[in-house]
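Here's a friendly walk through a structure you may be meeting for the first time. Take a look at it, then read on.

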Amino acid sequence: MPNLPKRKVGIVACSGEELPAGTVTRLAALKVLEELRPSETVTICLPLFLAGGEGDRAFAKFYPTIAVDGCAKRCAARATELYSNTPAASIVVDDILAQHNLPAPQGLRRLTPESQPVVDALAGAIAAEVDHLMAVRWSRTEGAILEAAPAAQEAVSTSACACGSGIPVTTVEVAGRAVQIMALEPVLELAYNQGLRANGALPPEILQTVQVYNTVPAGEEAQYAQALDLAWRAYCEQREGQNHG
Amino acid sequence: MSDRVIIVPCSGIGKTYGTVTREAAYQVVEELRQETTTIVPLSLLVLGDEEARAAVQDAQVITMDGCSLACATLNVRQAGGVVAKDFTVLDAFRRNKALKPKGISELNDGGQALARALADEVAQTVDELIDGGNTHA
């Protein structure tokens, strides 16, 4: 059963190749992803936003992201907001330099050894933001922090990566054509676990939740509901079979 | 038309092939063809930065992609640029199967060698584009 990565934070690094600070963002993001917070973070591929990476867009739309930028143009933060949602946090290398009184990084392909403290400081700042975002309640429907109270323990486990594979996609038939629905299986799973069953019309919560993750064209709601109803019934039959098997 | 060929590598940070394209791009612009090439970062094109868009619209562009999604090529085209030649790491690997890349932050020897092989191919194409431009100028 595919699961939504409920307790992950996405890191979007600008990775600008023409600036030393771009290299700093890339290395700091990798340090967080590989060393500091490997279980709590995924990388979001910035170019995929424009190239049609639905998984990356969906992740950034409904889960907290940290944009890490090398310059004041803030490509990562602005592109994330443009194509998905406002990042939960935005960090610019210049701010880190000022906070830690560090010299500007040097080197493109290879940073100078003197630039390593900048990478470390930035990685520390990212990790601190990750810890903060993991500790607060996050609204997936609003893409924003709800309140500063500790989150309840999530029942669903996480998946490994948001780059295409982080969000499961199910293909259904809507009015004779194949349509991909983002996160359908986890939506059905959540509905089933909440006690809903296929003993009548499609529970309206399912279509509503699907619409949070997917664009349902105006005027096609009924056709989508029909397709979702078939998927819902099949899912419930499968779960009942497991329960009695 | 700019007299420099623009190199746009994949900007992915989470996979080995993205690292290979970046390394190869740096090898081209910093070592092999310093005088005739320059890098335009993909992040600026994603954002729609006017300067970056104008640059790719006014130059011959070589893209280097790390996977089949071809972000570099797609983003250059969406920015109004014409891709003179697109390279993919996978194709380069097929031509150099002994050079198996590993690593993300740091490439292994195979990855470095594959990046060099890719960079050599790109450099040759740069020369062809420059020569072609001069011939037809």
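What follows covers a sheet, a helix that goes with it, and the contact between two chains. Keep in mind that this is a predicted model.

Let's start with chain B. Its four strands form an open sheet in the order E2-E1-E3-E4, and the pairing is parallel. Which strands stand at the edges? They are E2 (37–39) and E4 (83–88) of chain B, and each has a single partner strand, so one side of each is left without a neighbour in the sheet. The sheet isn't flat-on from strand to strand, either: on average, neighbouring strands are turned by 25° against each other, direction ignored.

Now zoom in on one pair. Strand E3 of chain B, residues 61–65, joins E4(B) through five bridges in the parallel sense. One residue match to look for is B:Asp65, whose bridge partner in E4(B) is B:Thr88.

There's a helix to spot here too. H1 of chain B, residues 16–32, lies across E1 (5–9), E2 and E3 of that chain. Relative to E1(B), helix H1(B) runs at about 160°.

On to where the chains meet. Chain A puts 28 residues into the contact, and chain B puts in 24 residues. On the chain A side, helices H1 (20–36), H2 (46–51) and H4 (75–83) each supply at least two residues. Which helix gives the largest share? That's H2(A), with six residues.

Here's how the touching side of chain A divides up by residue kind:

| Kind of residue | Count on the chain A side |
|---|---|
| nonpolar | 17 residues |
| polar | five residues |
| charged | six residues |

Methods:
Residues numbered from 1 in each chain as written. Chains lettered and ligands numbered in written order. Predicted model: local features only at pLDDT ≥ 70, side-chain atom pairs only at ≥ 80, totals over all residues. Pairing = 2+ DSSP bridges. Axes fitted to C-alpha atoms, helices over the stretch in contact; angles between N-to-C directions. Contact = placed C-beta atoms within 7 Å. Nonpolar A, V, L, I, M, F, W, Y, C, P; charged D, E, K, R; others polar.
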